[in-house]
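Here is a briefing on one protein model. Please read it with the structure open beside you.

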Amino acid sequence: MGKMAATAVVPGLGSCDFSDLREIKKQLLSVAERSRERGLQHSGKWASELAFALDPLPLSELPAAPVLTEEDARDLDAYTLAKSYFDLKEYDRAAYFLRGCKSQKAYFLYMYSRYLSGEKKKDDETVDSLGPLEKGQVKNEALRELRVELSKKHKAQELDGFGLYLYGVVLRKLDLVKEAIDVFVEAAHVLPLHWGAWLELCNLITDKEMLKCLSLPDTWMKEFFLAHIYTELQLIEEALQKYQSLIDAGFSKSTYIISQIAVAYHNIRDIDKALSIFNELRKQDPYRIENMDTFSNLLYVRSMKPELSYLAHNLCEIDKYRVETCCVIGNYYSLRSQHEKAALYFQRALKLNPRYLGAWTLMGHEYMEMKNTSAAIQAYRHAIEVNKRDYRAWYGLGQTYEILKMPFYCLYYYRRAHQLRPNDSRMLVALGECYEKLNQLVEAKKCYWRAYAVGDVEKMALVKLAKLHEQLNESEQAAQCYIKYIQDIYSCGEIVEHLEVSTAFRYLAQYYFKCKLWDEASACAQKCCAFNDTREEGKALLRQILQLRNQGETSSTEISAPFFLPASLSSNNTPTRRVSPLNLSSVTP
């Protein structure tokens, strides 16, 4: 009966159709009000923001107030009193006055108050025990009781969409992931408009295969969910297509969609595009704090000190005790190399919200800068506890164990990072270096080649591959890699004093000299003279070439040197930019 009542309130949800935007706006206004009545502020805010992006409704079409049942009327006084206590965060007091209430709304607020009371006590204890980093194993004591009660109601089919959502949250908190997913899917079917249930589902889905197995309701809300989960799973092309179709459907003014697109571009490291979208977002919604920590990450990467300083001051004026504000200030101090101060602000963010993923990861980075590896490891582990999909935390752990000279551990963490970001060359280069240390050179070669194939961000993969070939006395392959590396550096107009350019020219000069190709050897030796570290070797080689020519030595025509690139490296056979993760299961640490 509870299910029937819940679905009856929201008609017109049977398809992904966006043709009737007025009906969608009505549904959003209705669910925003229902969320607020139950103390679900974030879901209410999300629905309100989305409704604001659509055209206003005429008076005659505004959603009517929900019809009160006998139970609602009976519980009205207790609900009104308890809701005022709930809004003031007096959760135990709110729950006390709601005991025995039978209406769906009052019962939800009763259970939710008990849940939040347990969470608040847990967070207070956590803050007390959170010294530099240590976090006691504090549990929400109310969870087990809540699970037992909600489970009975669930079996009797007496939970509405909001009740199912709360039951799912309790199961997730108890680490009963499979059961939680089933309940959230049920909640999405019963009340598809409640964004909170979709968002919780997002946090539990780890890959695309898992997503395909879910039986989701065929509603327009599913499109928002898919766009969000694609962004989370790093399927950025698919996410951007979804967001574009939502904009085309009529949500072009939605600041939520604009911010999600900016986050998507941030995830694929298209920094210029992400920065321009964030700047546009700031003009539209200057007091927005959500996602501004992501914006500050971009400013940090670009070393844009004045802009980051302005953002930090601006957010401080709006609300200095928000986790995002603390992270922005932390990034600002980090950019100024004041790492102790930066770590302090990330700690402050975690006191405000111990489950705030970004702060754990960023704090790990700061401890790395301060050479405090044990604290860094703890911070990264907490980040993974919060979200196993955070590739930065896995990568950070890999770097930490690399510093500790523990290559097997380091390999495990880099592999996890690579699985989450199969097209990120940094993960592949790190993996290759790991395999090199473990003397697994075939695997290392695979990693470096794949790093080049997906678009080498740091332009180091080919050099490392060349050095590996050099080590294995595969001189022709080494020369091929160095040639391609030099072509890449010069073609993208990078500064010629790139770290390894001189190394490449020195190797090629010696290689061509051995092949008796004097013209090519001479050209490379002359290039060596342009660099301080290879100048003397270049001059010596030029003298030798001159001497041999004077003695009548001719250039060899028999030895085929790779002056022209082999098919596998030629420019008209560019490796694909999107590849699946490498199968690196041959080594298990």
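The cover over the buried residues of helix H12 includes helices H2 (21–37), H3 (41–52), H10 (195–204), H11 (208–212), H13 (236–251) and H14 (255–267). Of the 13 residues of H12, 11 are buried, so the helix is largely enclosed by the rest of the structure. Buried means under 20% relative accessible area, exposed means over 50%, and partly exposed lies in between (1.4 Å probe, protein chains only).

This is a predicted model: local features need pLDDT of at least 70, side-chain atom pairs count only at pLDDT 80 or more, and totals for chains, interfaces and linings use all residues. Residues are numbered from 1 along each chain as its sequence is written, and side-chain values use heavy atoms, with hydrogens and water left out.

**Helix H12**

- The buried residues of H12 are Trp220, Met221, Glu223, Phe224, Phe225, Leu226, Ala227, His228, Ile229, Tyr230 and Thr231.
- H12 covers residues 220–232, and its end C-alpha atoms are 19 Å apart.
- The expected span is 18 Å, which agrees; that expectation is 1.5 Å times one less than the number of residues.

**The whole protein**

- The protein has 30 helices and zero strands. Helices (H or I, at least four residues) and strands (E, at least two) are DSSP runs, numbered from the N terminus.
- Of its 589 residues, 53% count as buried.
- Among contacts with a separation of 6 or more, 61% come from residues 24 or more positions apart. Contact means heavy atoms within 4.5 Å.
- The accessible surface comes to about 28500 Å², and 52% of it belongs to carbon and sulfur atoms. Accessible areas come from the Shrake-Rupley method with a 1.4 Å probe; for residues, only the protein chains shown count as cover.

**Helices H8 and H9**

- Arginine 172 sits in helix H8 (residues 161–173). Arginine 172 is buried, at a relative accessible area of 16%.
- Leaving aside neighbours within four places in sequence, arginine 172 is in contact with Ala180, Glu200, Leu204 and Arg355.
- Arginine 172 and leucine 201 are 29 residues apart along the chain, and their C-alpha atoms are separated by 10.0 Å.
- Valine 183 lies in helix H9 (residues 177–190). Valine 183 counts as buried, at 4% relative accessibility.
- Not counting residues up to four places away in sequence, valine 183 touches His154, Leu164, Tyr167, Gly168 and Leu171.
- Between the C-alpha atoms of valine 183 and glycine 161 there are 9.9 Å, with their positions 22 residues apart along the chain.

**Helix H4**

- Aspartate 72 is found in helix H4 (residues 70–87).
- Aspartate 72 is buried yet has no salt bridge. The nearest side chain of opposite charge, lysine 105, is 5.6 Å away. Lys and Arg count as positive and Asp and Glu as negative; His and the chain ends are not counted.
- Beyond its neighbours within four places in sequence, aspartate 72 is in contact with Val67 and Ser103.
- Leucine 81 also belongs to helix H4. Leucine 81 is partly exposed, with a relative accessible area of 33%.
- Leu81, Tyr96 and Phe97 form a nonpolar surface patch, with about 270 Å² of accessible area together. Patches are made of residues with over 30% relative accessible area and no salt bridge: like charges are joined within 9 Å, nonpolar side chains (Val, Leu, Ile, Met, Phe, Trp, Tyr) within 5 Å.

**Salt bridges**

- A salt bridge is a side-chain nitrogen of Lys or Arg within 4 Å of a carboxyl oxygen of Asp or Glu. The count by this rule comes to 31 salt bridges.
- Glutamate 402 and lysine 437 form a salt bridge through their side chains (3.0 Å, N to O). Glutamate 402 lies in helix H22 (residues 391–403) and lysine 437 in helix H24 (residues 425–437), so the pair ties together parts 35 residues apart in sequence.
- Glutamate 402 is partly exposed at 25% relative accessible area, whereas lysine 437 is exposed at 52%.
- Aspartate 424 and arginine 421 also meet in a salt bridge (3.4 Å, N to O). Aspartate 424 and arginine 421 are both buried.
- Glutamate 537 pairs with arginine 506 in a salt bridge (3.0 Å, N to O). This pair links distant parts of the chain, 31 residues apart: glutamate 537 is in helix H30 (residues 535–550) and arginine 506 in helix H28 (residues 501–514).
- Glutamate 537 is partly exposed at 37% relative accessible area, and arginine 506 is partly exposed at 26%.
- Glu37, Arg38 and Lys105 are joined into one network by salt bridges that share partners.
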